[in-house]
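Please look at the chain shown below before reading on. The paragraphs that follow go through its charged pairs, a sheet and one buried acidic residue.

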Amino acid sequence: MIDLPLMHALVDAVMPKARLILLGDKDQLTSVGAGAILGDICQPPPDSGGTSQADPGIKHCIVPLQHNYRFGQRSGILNLARAINQGEAQAALDCLEDDGFSDVAFVELPTPLTVQRLASVLQPFVTHYNAYLQQPTPKAQLAALNRFRILSPHREGIIGVNTLNRLAETRLADQGHVTLDRDWYVGRPILVTQNDYQLGLFNGDVGLVGRASEETGEPRVYFDDPDDQPRSLTLARMPACETVFAMTIHKSQGSEFDRVVVVLPEKASPVVTRELLYTAVTRARHQVTLIATEEAVQTAIETKLERTSGLSRLLWQGSIPD
C-alpha cells in the first residue's frame, strides 16, 4: 500500500548500486495516497500492447509467483479470488453457492437492513470468539483471537466496524463471556492505531486486555511475541487504540486468519471495489463467509479501481526523467 511520494523517498534513499526487491500482490488494495506502485510496475499502459520501443527492461524484472501457500490450489477461496480478480461476477456467485466448496459460503444480507436484522445474521459467527475468551493463558488467547475476524469496508454506518464491534460485544456479554462494566473490560481485543516507537507498538498491532494483576488489581494489555511469552503493558502506557472484533478491510491487508466473515453494504458504495473484495476474501486460510446481496457482490466485482499516476507509462516507455 505504499504511495508514490513514499516510494520516491525510498528509491532516493537506496544506494545507486543496490538491488531493490519489491514483493507484494498487485491486485490488492492500492495505497490511500497517490499511486498504485505494484500495479503500475507490473502492468503496461493500455496503448503499449505490452511492449516498449525503448525497452527499458522493466518487463524482464517482473517474476509472478504462482503457487499459493495460504489456501489449497483446488479450494473455493482460490476459485472465488480468481473470479473476483478477473471481473467474473457470475462465476464468483456460482462459486459461493457451489456445495462442492466447503470453504466458501454466501449469506444473503436481509433487506431493508436494520441493526436488529444484522445482529441476528451475525449471531452464529460471533460465537467463534468464544474460543479465545475461554483460553487459560494470554498466549493461548492471542493465538485463538487471531484465527477469526469480521471485516467491513466501512468504519461508520449500519455495517461499519463501529456497529459490528458493538454488536459483537453485546452478544458476548449476553452469553456471559465478557462483562461490559468498563471501557477496558477483561477480554477486550484491541487494535493499535498510532505508532509508538518507544514501546515498539505500531499501527495495526493486535492485543487483548487480560485479567487484573494480583499486585495492583489493574488489568494489563497483552501483545504477542513470537519468540517468547506475551509482553504486557499497563493501561496508562497504551497508545491510541480501538476494539477489534471487527476491522476494516483496509486495516486487514497484510493479515491472515483461519476464518473470515466479510460484510458488504446493502447499497453500492464507492469504496467497495473489485480490489477491496479480492483483498477481503484472500485474508482467509480455511473459511470465508460473505454476507451481502448478490447485487452488491456483482457491483463490487464490476467496479475496478483506476489510478492515473503516470508511472506505468514512464516505466514501460522508458522515459523516466533524471
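R155 has a relative accessibility of 33% and so counts as partly exposed. This value, like the others here, comes from a predicted model. The partner of R155 is E242: the two form a salt bridge in which the closest N and O atoms are 3.1 Å apart. R155 sits in the loop between β2 (148–152) and α8, whereas E242 belongs to strand β7, so the bridge links distant parts of the chain, 87 residues apart. E242 is also partly exposed, at a relative accessible area of 22%.

How many salt bridges does a search of the whole structure find? There are 4. One of them joins the side chains of R285 and E256, with 3.3 Å from N to O. R285 is part of strand β10 (residues 284–292), and E256 is in the loop between α9 (249–252) and β9 (257–263); the pair therefore ties together parts that are 29 residues apart in sequence. R285 has a relative accessible area of 25%, which means that it is partly exposed. E256 is partly exposed as well, with a value of 33%. These two residues do not stand by themselves, since E256, D258 and R285 are linked in a network of salt bridges.

Another salt bridge is formed by K304 and E275, whose closest N and O atoms are 3.2 Å apart. K304 lies in the loop between α11 (294–302) and α12 (311–316), and E275 lies in helix α10 (residues 274–281), so this pair ties together parts that are 29 residues apart in sequence. The two ends of the bridge differ in exposure: K304 is partly exposed, with a relative accessible area of 42%, whereas E275, at 6% relative accessibility, counts as buried.

Side chains of opposite charge can pair when their charged atoms come close. E169 is a case to set beside the pairs above. Where is E169 found? The residue is in helix α8, which covers residues 161–174. E169 is buried yet has no salt bridge. The nearest side chain of opposite charge is that of R188, 5.1 Å away. Because a salt bridge needs a side-chain nitrogen within 4 Å of a carboxyl oxygen, R188 at 5.1 Å does not qualify as a partner of E169. E169 does have a polar contact: its side chain and that of Y185 are joined at 2.7 Å. Leaving out residues up to four places away in sequence, E169 touches V178, L180, Y185, T243 and F245.

The sheet can be taken next. It is an open sheet of 5 strands in the order β6-β5-β4-β3-β7, with antiparallel pairing. Its edge strands are β6 (231–234) and β7 (241–243), each of which pairs on one side only. From one strand to the next, the twist averages 35 degrees. Strand β7 has already appeared above, as the strand that holds E242.

At the other edge, β6 runs antiparallel to strand β5 (residues 219–223), and 4 bridges join the two. Which residue is the bridge partner of Y222 in β6? The partner is S232. A helix also lies across part of this sheet. Helix α7 (residues 138–145) lies across β3 (189–192), β4 (206–212) and β5, and runs at about 145 degrees to β4.

How values were computed:
Residues are numbered from 1 along each chain as its sequence is written. This is a predicted model: local features need pLDDT of at least 70, side-chain atom pairs count only at pLDDT 80 or more; totals for chains, interfaces and linings use all residues. Side-chain values use heavy atoms; hydrogens and water are left out. Buried means under 20% relative accessible area, exposed over 50%, partly exposed in between (1.4 Å probe, protein chains only). Lys and Arg count as positive and Asp and Glu as negative; His and the chain ends are not counted. A polar contact is a pair of N or O atoms within 3.5 Å; within protein, one must be able to donate a hydrogen and the other to accept it, and residues adjacent in sequence count only if both atoms are side-chain atoms. Contact means heavy atoms within 4.5 Å. Two strands pair if DSSP finds at least two bridges between them. Axes are lines fitted to C-alpha atoms, for helices over the stretch in contact, and angles run from 0 to 180 degrees between N-to-C directions.
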